[in-house]
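Biologist: I should like to learn how features of a model such as this one are read. Please take me through a few of them.

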Amino acid sequence: MTEIPDGAILQRDKKTVAIVPRIPVGLLTPETLEGLAKVIREYKIPITKITSGQRLALVGIKPEDVEAIWASLGTGVGRATELCLHYVQACPGNAVCKFGTQDSLGLGRDLEKMLISVETPAKMKIGVSGCSMCCAESYLRDIGLIGKKNGWLVTFGGNGGAHPRVADEIAADLSLAQAVDLVKKLVNCYRKHGKKRERTARFVERVGIDDIRQEVLA
Ligand code: SF4
């Protein structure tokens, strides 16, 4: 295969690809589900899998079908390999969950909108949890937000994968606006000092969390 279509990931067989449509904060509508069902049937896509980041991977697609599938879905091209925000994972928060103290879905949506077109040194994932139970795995995401009674706690530098790292806490008791502002500053700091393909966990280990805190909290 000479060229991998936009937003596609080459599979083991080296012939087919997978795509991961954008599904902001994992919320599905009947229209989205109907659109997905239509392309799965029409293009005979053999595997549809829920990913760890609350997205749906459509696997085993012929590369020549990808463009038409994106057009038919109308979700926007989901980013799966590029150096940018891949997803914001958010728990139901106080919209639904009896333990929720903050609106994780609302904040998650805002952050995805704010960062979706921003390039970063490596792929980036965000986890927004509505309370300390941390169901959105905020401590294992590049940027984490955790809702508390007095506001938002923001973390940075978490990672799962082969070299897991628990994120550092940057600031607590933040209003919604302060939390969003701090996320902006953390992303700017990472964009300014991070090396190409260096995930935030390795960035923190190289630069030191104290220097990062100093820059973003100044
Ligand atoms: S993190 Fe808290 S608010 Fe979110 S789903 Fe878990 S228990 Fe509910």
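Modeller: We shall discuss the sheet, then one helix residue, then the ligand shell. This is a predicted model, in which local features need pLDDT of at least 70 and side-chain atom pairs count only at pLDDT 80 or more, while totals for chains, interfaces and linings use all residues. Residues are numbered from 1 along each chain as its sequence is written.

Biologist: What is the order of the strands in the open sheet?

Modeller: Strands of a sheet pair through backbone hydrogen bonds, either parallel or antiparallel. Here the order is β1-β2-β4-β3, with antiparallel pairing; strands (E, at least two residues) and helices (H or I, at least four) are DSSP runs numbered from the N terminus, and a pair requires at least two bridges. The edge strands, each pairing on one side only, are β1 (8-10) and β3 (47-50). Between β1 and β2 (residues 17-19) there are 3 bridges, and Ala8 has Ile19 as its bridge partner in β2.

Biologist: Is Leu115 buried, exposed or partly exposed?

Modeller: One counts other C-beta atoms, placed from the backbone, within 10 Å: 20 or more means buried, 12 or fewer exposed, and anything in between partly exposed. Leu115, in helix α3 (residues 104-115), counts as partly exposed because it has 18 such neighbours. Lys184 is 69 residues from Leu115 in sequence, yet their C-alpha atoms are 8.6 Å apart.

Biologist: Which residues come nearest to the ligand?

Modeller: Of the 13 residues around the ligand (C-beta atom, placed from the backbone, within 6 Å), the nearest are Cys91, Cys97, Gly130, Cys131 and Cys135.
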